[in-house]
Each structure stands twice: as C-alpha cells, then as structure tokens.
Number of protein chains: 2
Amino acid sequence: MANYKLTFCYDGSRYRGWQNQNNVSSTIQHKMESVLKDILHEEVSIQASGRTDAGVHARMQVANFHCGQDLEPARILSQLRHQLPQDIGVLQLEPVPESFHARLSCTGKTYRYYLWNSEEPCVFQRKYRTVYPGPLDLAAMRNASSLFTGKHDFSAFTSSRNKKHSSVRTIREITISQDGPEIILEYSADGFLYNMVRILTGSLIEVGSGEKTAEDLSHALESGVRADAGFTAPPQGLFLWNVEY
Amino acid sequence: MANYKLTFCYDGSRYRGWQNQNNVSSTIQHKMESVLKDILHEEVSIQASGRTDAGVHARMQVANFHCGQDLEPARILSQLRHQLPQDIGVLQLEPVPESFHARLSCTGKTYRYYLWNSEEPCVFQRKYRTVYPGPLDLAAMRNASSLFTGKHDFSAFTSSRNKKHSSVRTIREITISQDGPEIILEYSADGFLYNMVRILTGSLIEVGSGEKTAEDLSHALESGVRADAGFTAPPQGLFLWNVEY
C-alpha cells in the first residue's frame, strides 16, 4: 500500500472538530475522507497528527493515508482543491515512506491562541479571535508562563479523564506577544493533552486579570487537580500552527 | 438639531450594500438606522460618505445623522456596539458642527482591492479576497495605472448611465504592491464613480494577464465607452479603506 502525507489548513468554525464521531458528519475528517473516496473510488482512512476540538482552526495540520493505487500527487491535489469546501484548504500532498505515521512520527507541535484585547469591535477576524476587552498584565502572564516550560505532569491542565496514558509533556517555549489590539500566546511542545492549550490560556488570562497568581498555577501543577487550574478558553481563538517531524 | 459623525467598519458579505433600497432590509444603512431608532426612540436618517455595492467591505466608512436630543456619545457608542451584529463595528461617535455632511464635506477617499494571486487555497481570508491564480505582470499593471492618475473623464470606467453628473475625477495615487500570495491595489482620489474601482481593477488585471495593453486603456479613457474598458472585478476583494475631511 502506498502511503501519502497530506498537509492542509482549515477554518474550524462550522465543524465538530477534526475527528470522526458516531453519526456526526460535520467533522473535518469525515469531509476529507468522503471527498478522497469520491476522487479515488476507494475507502481511505486518514490519520491526523492529532485531533482538534469543535471550532478550533488549523493553519497547518498534517495527516497520512494508505491507498491501493499509485497516485499522481499533483492531479489529486488539484482535485482535492476543487472538491473540498472553501473552509478546508490542501497545501501539499506527497508520497512518504511506509513507516511515516502522522501522529506517531510527530516530534513537536505549535499552537497559537489569539485574543482580541480591545473595546473596539473585531469585525474582520471575528471568527478567529476570542474577545477579552479587559486589562491584562502581560508581564505577570509571561512570568507565570515560565512555570510551564520544561517537563511537567499537566494533569490539572487537561479535560481528559483517561488516567491510563501519561500526562507528562515537555513544553519547549511559550511566548506572549502583543500586536495592536491582539495578544498572541504561542505554545511549542513535544505534544499536548486534550484541551491543554485552552486551559493553559484560560489560566494565564486569570493571572493577567488578577484573579489568580503564579503561585496558584504552581500549586495546580503540583496538585494535578483540574479545579485548581483556570477556565477552558473558548475554541475560536485557537489555531494548530505547526506540526514537526 | 444636533449633528453626529459616526465612523464604522463592516464586512459587506451578507448585505446588499450600504444604501437603502425599496423593500430590501438587508442593507447596512437599514440595519444601522433601525438599531439607532431602538436606542434613541427617534427616527434618524444616516447619510454616509457614499454608497458601497453589495458584498463590498469598509475598513472605514463615515456617516452623519441629525437628532433632536443631545446624546452622550460614549453611552450611545457602547449601546451601538452591543446591539449591532458582529459584522458591523462602530469605531467612533462624536458631535460635529451643523455644517458637517458626510458626503458633501468629504475631500478624498481611498479604496483597496485585494487579490489572492496563488494556486494555494485562501481559507481564512476567503470572504475578503478575489482569487486570481494566473500570472500577472505587475510592472505592466503599474505602468498602465499611471494613465489614470490626475484629472480625467472616467466615463468608460463606470456602470452609471446617469449622464447628468460629471464623470470627471482626480486620482491622486494608485499603488500596486505584493505581500506573499496577495496583490493589493490602492486607489486614492477626490471621489469615485459607481463601480469605478472595480472596473479600474478589472482593466488592470486584463493588462496584467496580457489580454489588454496600456494603449487599450488609454483608448478607453479617450472614447468614454464602457465596453472599451475591462471587466468589473467582483465585490468581495474591495474595501473602502479611508475617508478624508
């Protein structure tokens, strides 16, 4: 079976997330698999680098699929671009070695969370920003974010109740920058737990607004108790930004 | 009667343009007038700097309205922001002298036209870009655009059949720039005729693609015949960018 790597982006606004769910056809995976089936006349199963939640976007997502035919990537790429809806865009399609697996081969990921930190209306980016007009102490947020870099057990910073898998991840870098009315939180790690970026962001917003202190977040890291961390920031400000192999 | 100046922006995607039309409620003017009436309990008539077509956006539009009450601008601004839909954003509300008239007092305007000039999909900006993936000779387009600067009769570059008003306008500057997959055409003038920016853009695209020459456009300027100019570029790439007083 030939193995192909797909690199693509999507506006997650009208989808129930990447991953197929029982009886839900409005997932990005379902849409891509049904379009590929139309093109290839063959059922394919697409494996992405990881799921994204309902409403979360991807500037860059990577997946792979096996197929019984040798494809002409340029022709399939062009057909995919014609047949997919405008909110899903294929950037690249290339043959890869049999051993390539979009999730298991992934060595690191970057997410960005975009806040609209202004009383002014956010008209043109409204589907891609979380509006938070109140004052935020960026220095306090940066200081607290440094607690998270390095290797930690992020049990308090996930919505997953699956205790079978490790909650240890290594965050390489968190940067918090400001660009006019926007605040951008960028997280790079070897991997992320379910809802982890949204809970880290909610926790840092609570530090920025003065509701929580860095000490509170340090305590949450130690306790591993979800309730000790901050709220889950809404999905629409979140972008899967980069996937590394 | 007190006179107020409104500065605002909008995503024109789901509207039939700025200006009220008979029995059409999906205009931006209608939406703003009905929200203002709800807030002020008074019928107001809003006069904008000029109309924009169905599907055209405004980064900055200016209007004025008279009203029988003295308003607290900050309070009304906040109510407008709460009650208007997310695709219309009010930037400023301020009292102005009785003599201020958004259309008649306007001394100049700038429009921008955004082309997406790439085979790559345009996912996140898809409502604000006109996709033109073919090669475009920007040097030829810049050369042709210089024909339009200065004072000319733009009869060939308007869809208006109204011959009562002058078709003479003065274009101060046209710049054509490239930013990755995007080509941005920016036009500044004392004013523009109906559909003028879209026809100038269509004409320059035809020069860029080799379908027309600068000489053809020079001939159109002289003949004043609409059919001698280029096509009317679609609305979604067009932004009213700045209005001067």
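A cavity here is a set of grid points where a 1.4 Å probe fits but cannot get out, and its lining residues have an atom within 4 Å of such a point. Keep that in mind as we walk through this predicted model.

**Stop 1: the cavity**

Select Asp11, Val123, Phe124, Arg126, Lys127 and Tyr128 in chain A, then add Asp11, Phe124, Arg126, Lys127 and Tyr128 in chain B. Together they line the largest cavity, which has a volume of about 110 Å³. Colour the lining by class and you should find five nonpolar, no polar and six charged residues.

**Stop 2: a bridge between chains**

Stay with two of those lining residues, Asp11(B) and Arg126(A). They form a salt bridge, with the closest N and O atoms 3.1 Å apart. Asp11(B) sits in the loop between β1 (2-10) and α1 (28-40) of chain B, while Arg126(A) is in the loop between β5 (108-116) and β6 (130-131) of chain A, so this pair joins two chains. Is Asp11(B) buried or exposed? Its relative accessibility is 1%, so Asp11(B) counts as buried.

**Stop 3: two bridges within chain B**

The structure holds 20 salt bridges over all chains; here are two more to display. Pick Asp87(B) and Arg14(B), whose closest N and O atoms are 2.5 Å apart. Asp87(B) lies in the loop between α2 (73-83) and β4 (88-96) of chain B and Arg14(B) in the loop between β1 and α1 of chain B, so the bridge ties together parts 73 residues apart in sequence. Try a surface view of the two partners: Asp87(B) is buried at 3% relative accessible area, whereas Arg14(B) is exposed at 53%.

Next, select Glu182(B) and Arg129(B), which meet in a salt bridge of 2.5 Å, N to O. Glu182(B) belongs to strand β9 (residues 182-189) of chain B, and Arg129(B) to the loop between β5 (108-116) and β6 (130-131) of chain B, 53 residues apart. Both Glu182(B) and Arg129(B) are buried.

**Stop 4: a helix with two sides**

Move to helix α2 (residues 73-83) of chain A and show Ile76(A), Leu77(A) and Leu80(A), its buried residues. They lie on the same side of α2(A) because they cover an arc of only 105° around the axis. That buried set packs against β1 (2-10), α1 (28-40) and β4 (88-96) of chain A. Turn to the other side of α2(A) and you meet the exposed Ala74(A) and His82(A).

**Stop 5: Val207(B)**

Finish in helix α4 (residues 196-208) of chain B, at Val207(B). Val207(B) is buried, with a relative accessible area of 6%. Leaving aside residues up to four places away in sequence, Val207(B) touches several others, including Ala140(B), Met141(B), Ala144(B) and Leu217(B).

Technical notes:
Residues numbered from 1 in each chain as written. Chains lettered and ligands numbered in written order. Predicted model: local features only at pLDDT ≥ 70, side-chain atom pairs only at ≥ 80, totals over all residues. Heavy atoms only, no water. Buried < 20%, exposed > 50% of the residue type's maximum accessible area, 1.4 Å probe, protein only. Helix = DSSP H or I, 4+ residues; strand = E, 2+ residues; numbered from the N terminus. Arc of directions from axis to C-beta. Contact = heavy atoms within 4.5 Å. 1 Å grid on protein atoms, 1.4 Å probe; cavity = no way out; pocket = protein on both sides within 12 Å on 5 of 7 lines; lining within 4 Å. Points joined across faces, edges and corners; volume = space filled by probe spheres on them. Nonpolar A, V, L, I, M, F, W, Y, C, P; charged D, E, K, R; others polar. Salt bridge = Lys/Arg side-chain N within 4 Å of Asp/Glu carboxyl O.
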